[in-house]
Amino acid sequence: MKKLTPKAAYRKLASIYDRMVDQYSDAAEAIGMTCNGCHDNCCLSFFQHHTYVEWAYMWEGLNQLPAERLEEIREKARIYVESAQDSLNRGERPHLMCPLNIDEQQGICGLYNHRLMICRMHGVPNLLVKPNGQQVQFPGCYRCQELTDLYEADGRSAPVVNRTSLYKDLVMLEMQFVGKNLRQFPKVDHTIAEMIVLGPPRFR
Ligand code: SF4
Ligand code: SF4
């Protein structure tokens, strides 16, 4: 398989992200869901990301920020990593604001165009069929679940985003981005804060 240049890989990733956004919008629109006035904020959720290509693309966005802003984000990320570890040591799930968020009240992403796949899919019901055939279902966020119940009260079925093909394309792109030595590198399993503290992924 031919290895892609980073720029070519980023273009492909942006196009996968665009497809995600379209599918998300269709599903959200059908049930009348928006994030306006949300009292929860999914940027407080603790979750890991799993691809080098998304990690590198996030850094492509970070590197376009003014130096002072980037340093601010790095500092927030360092604090996040320490606080998350403290919570985990106490046996608690961390509940911390993502260091890329720029407005806790309204949940505004400070790196919107470069945000990762899981950030783009959090809200609406979606499903993934794994290569072993196992189907994993996600019901969407609390607001989406309330709206889905209302929508389905009169017998209709709310749309569910099937992200299997998006996921497959992302896996393929990961192989094209890292190259044939992908299996020799550690598996990616990092929060956004960890990806910031670690810096861009390195392959040597
Ligand atoms: S990257 Fe943006 S959308 Fe994702 S958790 Fe952080 S602030 Fe929220
Ligand atoms: S996706 Fe759901 S939980 Fe996240 S900000 Fe929007 S309404 Fe709130």
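**Figure 1. The shell around ligand 1 comprises six nonpolar residues, one polar residue and no charged residue.** The structure shown here and in the following views is a predicted model. Four cysteines appear in this close-up, namely Cys-43, Cys-98, Cys-109 and Cys-119. The residues around ligand 1 also include Leu-100, Asn-101 and Ile-192.

**Figure 2. The shell around ligand 2 comprises six nonpolar residues, one polar residue and one charged residue.** Among the residues that surround ligand 2 are Cys-35, Cys-38, Cys-42 and Cys-141. Met-33 and Tyr-142 also belong to these surroundings. Gly-123 and Arg-143 complete the set of residues around ligand 2. Because Arg counts as charged and Gly as polar, Arg-143 and Gly-123 supply the one charged and the one polar member of the shell.

**Figure 3. Glu-71 and Arg-74 are joined by a salt bridge within helix H3.** The distance from N to O in this pair is 3.9 Å. Helix H3 spans residues 67-89, and the two partners are three residues apart in it, about one turn of the helix. Glu-71 has a relative accessibility of 39% and is therefore classed as partly exposed. Arg-74 is likewise partly exposed, since its relative accessible area is 27%.

**Figure 4. Arg-78 forms a salt bridge with Glu-71.** The side chains of Arg-78 and Glu-71 meet with an N to O distance of 2.8 Å. With a relative accessible area of 35%, Arg-78 is partly exposed. Glu-71, the partner of Arg-78 in this view, also takes part in the salt bridge with Arg-74.

**Figure 5. A network of salt bridges links Glu-71, Arg-74, Glu-75 and Arg-78.** This view brings together the pairs of the two preceding legends and adds Glu-75 as a further member of the network. Within the network, Glu-71 meets Arg-74 at 3.9 Å and Arg-78 at 2.8 Å, each distance being taken from N to O.

**Figure 6. Asp-154 and Arg-156 form a salt bridge.** The closest N and O atoms of this pair are 3.2 Å apart. Asp-154 counts as exposed because its relative accessibility is 54%, and the threshold for this class is over 50%. Arg-156, by contrast, is partly exposed, with a relative accessible area of 42%. The structure as a whole holds seven salt bridges, and the bridge between Asp-154 and Arg-156 is one of them.

Definitions and conventions
Residues are numbered from 1 along each chain as its sequence is written. Chains are lettered from A and ligands numbered from 1 in the order in which they are written. This is a predicted model: local features need pLDDT of at least 70, side-chain atom pairs count only at pLDDT 80 or more; totals for chains, interfaces and linings use all residues. Side-chain values use heavy atoms; hydrogens and water are left out. A salt bridge is a side-chain nitrogen of Lys or Arg within 4 Å of a carboxyl oxygen of Asp or Glu. Helices (H or I, at least four residues) and strands (E, at least two) are DSSP runs, numbered from the N terminus. Buried means under 20% relative accessible area, exposed over 50%, partly exposed in between (1.4 Å probe, protein chains only). A residue is near a molecule or strand if one of its heavy atoms lies within 4 Å of it.
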